Every structure is written in structure tokens, then in C-alpha cells.
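Biologist: I would like a close look at one part of this protein, the sheet and whatever packs against it. Please take me through it step by step, and tell me how far the model can be trusted along the way.

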Amino acid sequence: MNTSLQRVISIRQNQPNTYTQSRRQRNVSAKRKWLSIVASAITLATLAASVFVFFFFSWKAADSETTTNYPALELSKVVEGISQEPKELPYALEPASPAPHTGRLIIIDPGHQAQAMNQHAPIGPGATQTRPMVAAGTRGVSTGVAEYIVVLDIGLKLRDALIEEGYEVYMVRETHDVQISNKDRALRGNELGGDLMVRLHCDGSPNPNVHGFMTLIPANGGWTEPIYAKSRQAGEHVHREVLAAIGAYDRGIIERGDLSGFNWSTIPSILLEMGVMTNVREDELLSDPDYQDKIVQGIVNGLNAYFAEIAKGEN
Ligand SMILES: [Zn+2]
């Protein structure tokens with residue numbers, strides 16, 4: 001046999017084997033191809049993700065520069081930041097927790113009404129001493145405006161300010177034409193389970209020189225013993241803050257055991273004599289919208305301080 005024929009035979013003899021080998025080789029090469037495609041895909045995806053992360057944080061950094069006062073962030077710092085605990089981020093914010101006063105229910109009782117209720121009623125549960133169900137109230141010596149009008153003006157402003165601040169508010173009255181005794185006002189607060197009753201009044205005096213701001217709180221004993229401590233606590237905060245806001249003369253914090261509105265109350269209660277309407281200057285101030293706003297702000301500040309203190313005690 002010549003050598004070329006030998007080679008043909010050899011090839012033919014080896015064919016099955018050669019075929020098997022070449023199929024294996026093809027399989028191996030196909031696997032490599034797929035592996036390389038998968039590897040390329042992973043590489044591309046990683047690259048794309050890196051590019052995205054880079055541009056995203058560059059944009060965030062630029063954005064924070066233009067819209068906030070945060071210092072400009074370098075990408076390296078951001079990457080460093082996100083690889084660590086969130087507290088390491090320079091702009092990490094504590095999760096906002098609601099203020100202690102949020103959701104507290106304030107009962108606002110603007111004193112008096114258009115028509116007095118002069119029938120007498122016991123000043124407390126089982127009392128023999130009586131008082132008119134609702135007195136007429138005083139009147140401005142200069143403006144001629146009735147107390148029940150001024151206290152509702154201020155009460156409506158207080159309602160809005162407290163809602164703005166996150167409180168719940170119930171108004172005993174929002175009009176003048178009502179017939180609600182002082183006892184019934186207290187009972188309404190009890191039924192609603194208010195956190196505090198704020199009674200708004202202005203004072204009058206036979207002496208035209210008498211002026212200033214005064215806070216009344218329930219007496220320490222008798223019917224009001226259970227509500228005394230918190231009423232005093234609330235009264236002290238509100239008294240201090242209103243005086244700071246309006247700069248009026250301080251007529252003090254007075255305990256009263258003879259007021260139906262306190263004696264029928266089972267929730268803490270304070271009564272603000274916001275000014276004296278028989279004094280010319282104070283009468284005019286009490287009808288001044290700016291002065292009214294200051295009184296309201298003082299009350300809000302006092303209530304916020306009171307509920308912050310209450311919350312500390314509850315923890
Ligand atoms: Zn009054």
C-alpha cells in the first residue's frame with residue numbers, strides 16, 4: 001500500500017473515534033462560548049450598574065446642593081457612607097416622632113353667651129351653695145364690646161392654632177346664640193374625655209385702674225382635688241407663656257373652689273382672665289387682632305410645654 005492509501009484507511013478506521021472526539025470538542029467549544037457570553041453579560045451589567053450608581057449619586061449630590069443647605073457630597077463619601085451604617089451618612093435624619101401634644105384633646109370653652117342664664121344652680125355635685133347657670137359677663141369700657149364676643153374671637157383663633165399644631169379641639173360654642181350652663185360645659189368636657197379644658201374669659205372691676213392677666217385653677221381639695229395637680233401644672237405653664245407673649249401685668253394664679261365650671265369637671269381645667277375690660281387700654285388691646293394673636297401664641301406655647309412635661313412623667 002502506498003502511503004496515501006494507508007492514510008485514507010487510517011482515517012476511515014479512525015472515523016468513529018475522530019467523529020466522537022470532534023463532537024466533544026464542539027461541545028467544549030460551545031460551552032466556552034456560552035460561558036464567555038455569560039461572563040460578558042455579567043461584566044456589562046456590572047458596568048452599567050456602576051455607571052448608573054455613579055450618575056445617580058452625582059445627581060443626588062448636585063440636587064442637594066441646589067435645593068437644600070446640606071454640604072455638597074463627594075461621590076467617594078457617598079459610597080463610603082452607604083457601605084456603612086446609615087448613621088454615618090452626613091445628612092442622615094432621625095425618624096420623626098410626633099410631638100408629645102400631638103392628638104391631645106383640648107376643650108375650649110369661650111365663656112358666657114349672648115343671653116345670660118340667671119337661674120341658680122348648685123356650684124358642685126351635692127352643693128348647697130348656688131350660682132347663676134351662666135353670668136352675663138363684663139363689657140369693654142372703651143369699645144363697648146361684650147366679653148362673650150371677645151372671648152369667642154380669641155377662642156376661634158386658638159382653635160385654629162391648636163389644630164395647626166396637631167391637637168384635637170372641641171369648641172363648647174362657636175356662636176353666641178347658645179344656652180349652655182357652666183355645669184353642662186364641664187360635663188361635655190368630661191364626656192369627651194378631654195386632656196384639658198381651657199376656659200376663656202375677660203375680667204371686669206369697679207376700679208378702672210385694675211388691669212393685667214390672671215389664671216384661675218380649681219381648689220386643692222373638695223370636688224376638684226383629683227384634677228388639682230394637673231390643672232395647676234397646666235395653669236403655671238400657660239400663665240408664664242401668655243405673660244411672656246403679651247407683657248401684661250401679672251395678677252397671679254388663683255385657686256377657686258366656688259366655680260361650677262371647675263367643680264363639675266373631672267378633667268384638668270384652667271380659666272384665663274385674659275385682661276380687664278373695665279380698663280381703657282386693656283379693653284382696646286383685647287379687641288386688637290395682633291394682641292389676640294399674641295395671647296393665642298402664649299397659650300399654645302404653654303400647652304406645648306405642659307404636654308411635654310406630662311409626657312416625660314408618663315415615660
Ligand atoms: Zn367671664
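**The sheet and its surroundings**

Modeller: A good place to start is a single pairing: L105 has E168 in β4 as its bridge partner. This is a predicted model, and the pairing belongs to a set of four bridges that join β1, residues 105–110, to β4, the two strands running parallel.

Seen as a whole, the sheet is open and consists of six strands in the order β4-β1-β5-β8-β6-β7, with mixed pairing. Its edges are β4, residues 168–171, and β7, residues 250–256, each of which pairs on one side only. On average, neighbouring strands of this sheet are turned by 20 degrees against each other, direction ignored.

Two helices that pack on the sheet deserve attention. Helix α3, residues 147–165, touches β1, β4, β5 (196–203) and β8 (269–276), and the direction of α3 makes about 145 degrees with that of β5. Helix α5, which spans residues 225–246, touches β5, β6 (213–218), β7 and β8, and its direction makes about 170 degrees with that of β6.

Several of these elements also contribute to the largest nonpolar core, which has 44 residues. The residues with the most contacts inside this core are I106, I154, V198, M274, I295 and I299. At least two core residues come from each of β1, α3, β5, β6, α5, β8 and α8 (289–314), and the largest share, eight residues, is supplied by α8. To follow one of these residues outward, I299 is in contact with L158, V198, V238 and V242, once its neighbours within four places in sequence are left aside.

One backbone detail is worth checking on your display. In the loop between β1 and β2 (117–122) sits H112, which has a positive phi of about 65 degrees although it is not a glycine. Most residues other than glycine have a negative phi. H112 is also buried, because 27 other C-beta atoms lie within 10 Å, where 20 or more are enough for that label.

As for trust, the protein averages a pLDDT of 84, and 75% of the residues score at least 70. Over residues 7–21 the pLDDT is below 50, and this stretch has zero contacts in the model beyond near neighbours in sequence. Residues 60–79 also have a pLDDT below 50, but there the model shows 14 contacts beyond near neighbours in sequence.

Note on methods
Residues are numbered from 1 along each chain as its sequence is written. This is a predicted model: local features need pLDDT of at least 70, side-chain atom pairs count only at pLDDT 80 or more; totals for chains, interfaces and linings use all residues. Two strands pair if DSSP finds at least two bridges between them. Axes are lines fitted to C-alpha atoms, for helices over the stretch in contact, and angles run from 0 to 180 degrees between N-to-C directions. Two residues are in contact if their C-beta atoms, placed from the backbone, lie within 7 Å. A residue is buried if 20 or more other C-beta atoms lie within 10 Å of its own, exposed if 12 or fewer, and partly exposed in between; C-beta atoms are placed from the backbone. A nonpolar core is a set of buried Ala, Val, Leu, Ile, Met, Phe, Trp, Tyr and Cys residues joined through C-beta atoms within 7 Å. pLDDT is the predictor's confidence in each residue, from 0 to 100.
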